[in-house]
2 protein chains.
Amino acid sequence: MPDPVPDNAVPQNPVPQNPVLFNAVDLIRAKRDGLRLTDAQIRWLITAYAGGPAGGQLPDEQMSALLMAIYFRGLDRAELRTWTAAMVDSGERLDLSGAGRPTVDKHSTGGVGDKVSLILAPLVASCGAAVPQLSGRGLGHTGGTLDKLESIPGYRTALSPGEMLAVLRQAGCVICAAGPGLAPADRQLYALRDVTGTVESIPLIASSIMSKKIAEGTAALVLDVKVGSGAFMRDVADARRLAQTMMALGEEHGVSTSAVLTSMDTPLGRCVGNALEVEEAVATLAGDGPPDLVEVVLALAAEMLRLAGIDADPAAALADGRALATYRTMVAAQGGDPDAPLPQAAARRLVPAPESGWLGRLDARVVGEAAWRLGAGRARKEDPVSAAAGVRCLAKPGEQVTRGQPVLELLADDEARFGRALEALAGGIEVSPGPPPAAGSLVIEYPICDNG
Amino acid sequence: MPDPVPDNAVPQNPVPQNPVLFNAVDLIRAKRDGLRLTDAQIRWLITAYAGGPAGGQLPDEQMSALLMAIYFRGLDRAELRTWTAAMVDSGERLDLSGAGRPTVDKHSTGGVGDKVSLILAPLVASCGAAVPQLSGRGLGHTGGTLDKLESIPGYRTALSPGEMLAVLRQAGCVICAAGPGLAPADRQLYALRDVTGTVESIPLIASSIMSKKIAEGTAALVLDVKVGSGAFMRDVADARRLAQTMMALGEEHGVSTSAVLTSMDTPLGRCVGNALEVEEAVATLAGDGPPDLVEVVLALAAEMLRLAGIDADPAAALADGRALATYRTMVAAQGGDPDAPLPQAAARRLVPAPESGWLGRLDARVVGEAAWRLGAGRARKEDPVSAAAGVRCLAKPGEQVTRGQPVLELLADDEARFGRALEALAGGIEVSPGPPPAAGSLVIEYPICDNG
């Protein structure tokens, strides 16, 4: 956080000498008509919107029109670099040199059952890196890492930069919320995009993610870009384009960045829900994880260690208990009790296989939606989430099932939740008469940074 | 205006039983993605935005994102019909059956020196029609009819519906402001479009113009769609598309509508400015108008009389003083003194021809911009305008000039205005060594209504 200004100090005034440098309508029209915005224009727009001494000149209705024009016209590489830099410069940039080890972080674009961060951060830290993982909360059908960790009694996600650095030095990793001082322009822009139908724009997504990661001060970053029915990106070409856009932004801002595209057509692991995913993450840290989850974790860990310049075997760190020990240190350092029992659901309901055969499809989006309706997720930012609610996948695609055998276990705080969750599941479970083709690797590709 | 609700009355509640019928973000995304909005969705959007008992659910930032999506995706014929109908239904629709004659109105998309309404309304009324001309104020380089008439001492433009009908019955024509009860949704939407770069959209322009004209209750309407440097539409294809869109909307709402495309590359007549244009309009009504202005007035008058089913010769009504007498009756009925001297400018400046030859180009936009900077127009809706400021064109394209001979007379309330007006004129006046090709008719075409 910035130091408060002492009473007798004269704050520097960044307002340009001529306060009427640009006209917002001219700039909206320029972008609308496909013209390039200059660096000075972009910096003015972000500053005028996101506050600060020169801010407040650009109201929401002008920014939302601009965002929709950007949705249609895009931002070219130079525009996007400046747009992102202006978002970073709207707040502070953390200095993690005090961590004493190479820093490397991971970002996931979000999936169903995606508890990878809970495992990956302690795993990579246990191999010698420092992992400053600033995470978010869930909105919609994908869960949020902070919501999951908050199901651990006592776990604190709101840390000051000083506390964050202290946990990082002690445990080698920290998983907490991005403080209000990091890229505050992104917070404001994201809230506006959320209500104006302007979320789904690759440059806006890329600048939102990367501004936070650049401000957090990590030296390296691995992006887990999910592709499939349960992911934000439905096809590989879009996911690759998003990955390459973010990689270029990272490199331009001095963050060594690589990406992995991974498949998100069915839930990752067997558990979807906050406490349920913590439970599965702990099992995985103890060497007893489901194979799909372990595959993704090890692929990302290898990439993070490569960027951090550390030669270590992450599979060994899972097997020998080092990763789990690091996790327990981190949880305790953030106020949580790693031995405390997790919240249990008051209501349970089994979903049987509709016929006998092989489970062909267990759609990630459908399961995510069901977990959301059971209470694991929120519709609006202000909503609380249930720690115990969620879905346990008792069978996964490729497994044989007999008619009536339970394939899903639904968990909720309240029986009343089951009706709408069952509705959401309609059509998401398919049983085929023969075995489906063997599932391949979940790792789709490692996109090459397009430095063009 | 609607009657006020008596204290003991129970107002009807138009709120749907289920108040959460639609989600604004879903509708913005649907339009953004090129999907059709249904009638119910469009009606919900306009009602939610424009107030009334069910209103206020759609804030400016959501509507401006939707407007930008409409800018890119358009509205199809059915969407536009409903959008316009919802705007009409946001207020009252006047009943002009009490006028006792066929009603016919004219709308111009705006040009420089466009004082046509001041002549046309009394001219067509003097031929037997009733002309209920609801007009607007100028914004930017084109003047507004109400601003011009308000340079007449005493002239009132704010009339209640009852007063409007009384003037219409007495004089056969009325030129006043659209009251707050007519298409209030348009007022709100236009103010938002103005600050969000979403003015330049054919469906949004068409719905804005036509919602007001439909609500005003006229049975017939002639559209003067201007094309050229001084007009909103720069090319004939766009102007034709706008004309056809408005004609279809008029017919769909029971208003017999036709259009004339007219040229707007140089100012119409010789005067640009409020009192200056009233002066030129009176001269034209007295049979002494400049030929270009008279041509446009007679073409539009013929079209209006045709739609009204009246067989009369408007040229005769100009020549024999009937039109002027009607004008004087209307001005007096609206509180103005037709014999009062008009405001005179305190400062004058002559602009000489830069060389000898023929005046080849006298650019409408440039002259409009100069008049605007002299004080005849406003930058913001709240700004006052000068009655006396403006530009008198002492020479028009095609006329021979000698170096140093004055071609323009600039008029302002204050010498300080001349500097920026002269800057605006740079490049707008061209003298050629030989005579330019003879100017053709200002009437470009009569578009055919596209009922497809």
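What follows is a walk through this predicted model, from the pairing of its two chains down to a couple of individual residues.

Let's start with how the copies sit together. Two copies of a chain are related by a rotation about an axis and a shift along it. Here, chain B lands on chain A after a rotation of 179° with 0.0 Å of shift along the axis, and the RMSD is 0.0 Å. That makes the relation one of a two-fold axis. If you want to find the axis from chain B, go to B:Glu61: its C-alpha is the nearest in that chain, 1.9 Å away. Both copies use the same surface to meet, with 100% of the contact residues of chain B recurring in chain A.

Now stay in chain B and look for the sheet. It is an open one with four strands in the order 1-4-5-13, and its pairing is mixed. Strand 1 and strand 13 (443-445) are at the edges, and each has a single partner strand, so one side of each has no neighbour in the sheet. On average, neighbouring strands are turned by 30° against each other, direction ignored. Strands 4 (residues 220-227) and 5 (residues 256-263) of chain B run parallel and share eight bridges. To get your bearings there, find B:Val227, which stands opposite B:Ser263 in strand 5.

Helices pack on this sheet too. Helix 9 (residues 202-216) of chain B touches strand 1, strand 4 and strand 5, and its direction makes about 165° with that of strand 1. Helix 10 (residues 236-252) of chain B lies across strand 4, strand 5 and strand 13, running at about 165° to strand 5.

For a view of the edge strand itself, hop over to chain A. Strand 1 (residues 104-108) is covered there, with five of its five residues buried. A:Val104, A:Lys106 and A:Ser108 point one way, while A:Asp105 and A:His107 point the other, and all are buried. This strand pairs with strand 4 (residues 220-227) of chain A in the parallel sense over five bridges, and A:His107 has A:Leu223 as its bridge partner in strand 4.

Back in chain B, what comes after strand 1? A loop leads from strand 1 (104-108) to helix 5 (116-126), and B:Thr109 lies in it. Setting aside residues up to four places away in sequence, B:Thr109 touches B:Asp224, B:Val225, B:Lys226, B:Phe232, B:Leu242 and B:Met246. With B:Lys226 there is a polar approach as well: its backbone nitrogen lies 3.0 Å from a polar atom of the B:Thr109 side chain.

The last stop is helix 11. In chain B (residues 274-285), its 12 residues should span 16 Å at 1.5 Å a residue, and the end C-alpha atoms are 17 Å apart, which agrees. Helix 11 of chain B is mostly covered, with nine of the 12 residues buried; among them are B:Asn274, B:Glu277, B:Glu280 and B:Leu285. After the helix comes B:Gly287, with a positive phi near 90°.

Helix 11 (residues 274-285) of chain A holds A:Glu277. Is A:Glu277 buried or exposed? Its relative accessibility is 2%, so A:Glu277 counts as buried. Beyond its neighbours within four places in sequence, A:Glu277 is in contact with A:Gly113, A:Asp114, A:Lys115, A:Lys148, A:Cys271 and A:Val272. In the case of A:Lys115, the A:Glu277 side chain reaches the backbone nitrogen at 3.5 Å.

Methods. Residues numbered from 1 in each chain as written. Chains lettered and ligands numbered in written order. Predicted model: local features only at pLDDT ≥ 70, side-chain atom pairs only at ≥ 80, totals over all residues. Heavy atoms only, no water. Helix = DSSP H or I, 4+ residues; strand = E, 2+ residues; numbered from the N terminus. Contact = heavy atoms within 4.5 Å. Polar contact = N/O pair within 3.5 Å; in protein donor to acceptor, adjacent residues only side chain to side chain. Least-squares fit on C-alpha atoms with pLDDT ≥ 70 in both. Pairing = 2+ DSSP bridges. Axes fitted to C-alpha atoms, helices over the stretch in contact; angles between N-to-C directions. Expected span 1.5 Å × (residues − 1). Buried < 20%, exposed > 50% of the residue type's maximum accessible area, 1.4 Å probe, protein only.
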